[in-house]
Amino acid sequence: MYQARPHQSLSTHEQECARTMSTLLAPLGLSQFGALIGGMHDFGKMSADFQQYMDALSQHISPPIPKGGIDHSTAGAQFVWNYFPIPENSEEFFIFRQIIALCIASHHNPALIDCFRGTMPGDDVFSKRMKKSGEKTHLDEILSKLTFQEKEHYYSLLKKTELATEFKNVYTLLTTLFSYCPKKQAFHAGLIARFCLSSLIEADYTSASGKGSYESIPEPDWEGMLKNLNKHLEQFKADTPINQSRAAMSQECLQAAPGRVGKWNLTLPTGAGKTLSSLRFALEHARRHHLSRIIYIIPYTSILDQTANAIRKVLGNEYKDCILEHHSNLVKETLNKEGEMEPWSPERKTWYMEATQTWNIPIVLTTSVQYLNALYASGKQHVRRMHSLANAVVIFDEVQAIPPTSLRLFEHSLDFLSGICHSSTIRCTATPPETATEDGTHAHLIETPIIPDSQAYFDQFSQYRQCEVVCERKPSNYWTVEKMRDSIMEQASSKGPTLVIVNTKKLASKLACACRDLNTEADVFHLSTNMCPAHRKEIITNRIDKKSLEKARRTGKAVVCISTGLIEAGVDVDFDVIIRSVAGLDSCTQAAGRCNRDANRPGGRIILINPASNLEKLDFLPELKIGREIAMGMICDPEEGGILGNKSVSLYFKEFYGKLTRSHNHDHLSYPFICSDVATNMEDALSQNFKLMTHPRQQSKYAPLRLFQAFDSAARQYHPIKDDTIAVITPYGRGEECREKLWNMNPHTDEEWEQWNEWLQKARAYSVAISSQLLEKYLNSGDIMRIQEGVDIYTTIPNKYDPFLGFLTDPGETSGALTVSRI
């Protein structure tokens, strides 16, 4: 009996993987195809070398060949490649044969292997792998010793009649949806291949961990969740015009939910209640269409945390294990009955770890970065999650925040999920980007608005809020720090709580200090990413929240908050005056949504200003700079409906993406990168790959190939947000406790390392990000230090973190006396 691993036979493992793969690929209509991949992927484990390796592990002795020294993934791929029967005039068989071989050959790789990655010898990676000596891959040996019954079993997997039907159906779907664009056909064929690899990784892990197989994916209790949500919504009184509009929008979302599985959008004003309205649509839509999960994709962890809490509250404690919050800043602690924070139990930690690996939970909330990584990045942990995006409702909150360099990849992902994976995608935003439909686009790939006449609600909210928009564009050097300060404090004193949003952290800190020093009686707050997440959360939830600002209005207290753009999207605050340094119109519109948010005051003011050019240097923020330039031009000649109206925002995005492409290059929206010294982009590398594979494709040696993508090379280069920063632990809040624990720990055992990692995770909430280019400068100036010698984990000296401004960015700058407590 062949062994897949100690205590598990190869036949059991193959059968379990085949069942799981069949279940996971069912939404794509590829159940038998999945069973074939699952049943063939460990074909190479029948080699004598691998079985000797298994025997050594079973006997707890050192194996003759080290782990990873035996190629067991190529033999199965070669078997399929060499013996899969191809009927005449069956183009689809060529495509799916290559997908099977790619998945089997790649199942221990961090992504699909490359087909082609350049023009040099050896760059035709897939072909080289398929031509690798049968002696080295053990294929010849395995074929020579298989019994007749064993050979019949494996050959029969290749000849199942259902495969022809599945191939034909999916191929027809691909060519129908993208009949106008062979490039898109190739791109989506590549995504199907990655989805198959994702399912194989999940099947392999599930079986290897002793959990057997997925016979089916149970449908969650959507009806019970919807009942709890509706019960919660009944508590809201539609007692004001704006609340009546919110109730009407929520009802329209519920009424639209029986609509088809496909592409949707939900465009509503800021403060309209998109979170609960979209959840109401999603729950009923999932119930009607028997979908497996709802996934919220959110750009910022602050909004993610807020959204997760809102969903937990409305669904109730009975569904707490149906909600997964997956992001890097999550602190694994809960509030106990005494109101104290306590660590998760070991069982809860295990549940969370497994859930984040698979996203196999009814409601998942994660970041845009995690979503894009699942579809395009290198790393088995990313690839593994991709299969959970099928048969789902995928909601994209604040969709305008998708990084521009990933825009085309994002658009392709929506087509893939809605067109191929039986999922519904929903774009949610108050400032929708320009999304022109290409000529020839299939009807199934055209977005349907959940609320067809959303403009009526924008008009209503504008009427209710009565916010005056004032464009204070002045000569370029008029708005100095002093003039801005005076104007801000005058507005705060005469009009009420004032929120000021600027484009750079440096200007935010200068303005905040200037306002604080001018009027010591006023409450002045500062917000930027120089402050750790816990510090920012404290300001937003306990200092400038609605209750605090209402109290300030009653007592006549002047309140000013100076912030960067981090407060614009999804943060539920309500000021009387918004002063916005001109940026893209989407940012300005989002900022305006923080003014008289609940329409419970006579009106509000939104003031757009252009600080002196030396105060906001945007050369290193090219997208922001371009957005600002376009907005400045539009302020001079606003469209009908006003500078912050939907028509203006739509035209702004059209000009923004056009100018972004012209000022960089045509590849900018498709994630450009360099591979094999050749300039290419993700969209090309993952479709027809013309820039890397310049060989004539008519050559006979390429005749069997249908996929030419540089899968692995593109995945390794892909980082949705290029983060060239280092986390530094601050003394804010529990940050001091985290520092002390990490300083004093010297982990050796697995348990000690687990504790170390838990404290490191807790420290994220009390950490700030600094540029890695400045790391040596800060170390040399003594502003930061290593937690332990030889460990690349850093902390600030105590007085380097200011209680008002956060991390002081100038080397050598401190708050008060310089004190070094440890080295």
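Both faces of strand β10 are covered: on one side sit Ser424, Ile426 and Cys428, on the other Thr425, Arg427 and Thr429, and all of these residues are buried. That makes 6 of the 6 residues in β10 (residues 424-429), so the strand is largely enclosed by the rest of the structure. The model is a predicted one, and this strand is a handy way into it.

The neighbours of β10 come next. On one flank, strand β3 (residues 263-267) is joined to β10 by 5 bridges, and the two run parallel. Within that pairing, Asn265 has Arg427 of β10 as its bridge partner. Strand β9 is likewise linked to β10 through 5 bridges, again in parallel, and here Asp397 stands opposite Cys428. Both bridge partners named in β10, Arg427 and Cys428, belong to the buried set, with Arg427 on one side of the strand and Cys428 on the other.

Zooming out, these strands are part of an open sheet of 7 strands, ordered β5-β8-β4-β9-β10-β3-β11 and paired in parallel. The edges are taken by β5 (323-326) and β11 (448-449); each has a single partner strand, so one side of each is left without a neighbour in the sheet. Strands of a sheet pair through backbone hydrogen bonds, either parallel or antiparallel. For the edge strand β5, the partner is β8 (residues 363-367), which runs parallel to β5 and is joined to it by 4 bridges. Ile323 finds its bridge partner in Ile363 of β8.

Strand β4 (residues 293-298) tells much the same story as β10 when it comes to burial: 6 of its 6 residues are buried. Arg293, Ile295 and Ile297 point one way, while Ile294, Tyr296 and Ile298 point the other way, and all of them are buried. In the strand order, β4 sits between β8 and β9. With β9 (residues 392-397) there are 5 bridges in the parallel sense, and Ile294 has Val393 as its bridge partner there. With β8 there are also 5 bridges, parallel once more, and Tyr296 is partnered by Leu365.

What about the chain as a whole? It has 32 helices and 25 strands. A compact globule of 823 residues would have a radius of gyration near 28 Å, and the chain comes out at 29 Å, which agrees. Taken along the principal axes, the C-alpha atoms fill a box of roughly 90 × 65 × 55 Å. Buried residues make up 57% of the 823. Among contacts with a separation of 6 or more, 76% come from residues 24 or more positions apart. The exposed surface is about 34,700 Å², and carbon and sulfur atoms supply 50% of it.

Aromatic side chains offer another view of the fold, with 31 aromatic pairs found across the whole structure. Take Phe33 and Phe96, an edge-to-face pair at 5.3 Å centre to centre with 80 degrees between the planes. Phe33 lies in helix α2 (residues 31-40) and Phe96 in helix α5 (residues 91-106), so the pair ties together parts that are 63 residues apart in sequence. Both Phe33 and Phe96 are buried. They don't stand alone either: Phe33, Phe84, Phe93, Phe96 and Phe167 form one aromatic cluster.

Rings also turn up beneath charges. The charged end of Lys762 sits over the ring of Trp759, 4.0 Å from its centre. Lys474 does likewise with Tyr478, its charged end lying over the ring at 5.5 Å from the centre.

Two loop residues round things off. His138 is found in the loop between α7 (134-137) and α8 (139-145). At 10% relative accessibility, His138 counts as buried, the cut-off being under 20%. Leaving aside neighbours within four places in sequence, His138 is in contact with Ser47, Asp49, Ile70 and Asp71. Thr694, in the loop between α28 (682-685) and α29 (711-717), is exposed instead: its relative accessible area is 52%, and exposed means over 50%. The C-alpha atoms of Thr694 and Ala443 are separated by 34 Å, with their positions 251 residues apart along the chain.

How values were computed: Residues are numbered from 1 along each chain as its sequence is written. This is a predicted model: local features need pLDDT of at least 70, side-chain atom pairs count only at pLDDT 80 or more; totals for chains, interfaces and linings use all residues. Side-chain values use heavy atoms; hydrogens and water are left out. Rings of Phe, Tyr and Trp (its six-membered ring) pair if their centres lie within 6.5 Å; planes under 30 degrees apart count as stacked, over 60 as edge-to-face and the rest as tilted. Buried means under 20% relative accessible area, exposed over 50%, partly exposed in between (1.4 Å probe, protein chains only). A charge sits over a ring if NZ of Lys or CZ of Arg is within 6 Å of the ring centre and within 35 degrees of the ring normal. The radius of gyration is taken over C-alpha atoms; the globule rule is 2.2 Å times the number of residues to the power 0.38. Contact means heavy atoms within 4.5 Å. Accessible areas come from the Shrake-Rupley method with a 1.4 Å probe; for residues, only the protein chains shown count as cover. Two strands pair if DSSP finds at least two bridges between them.
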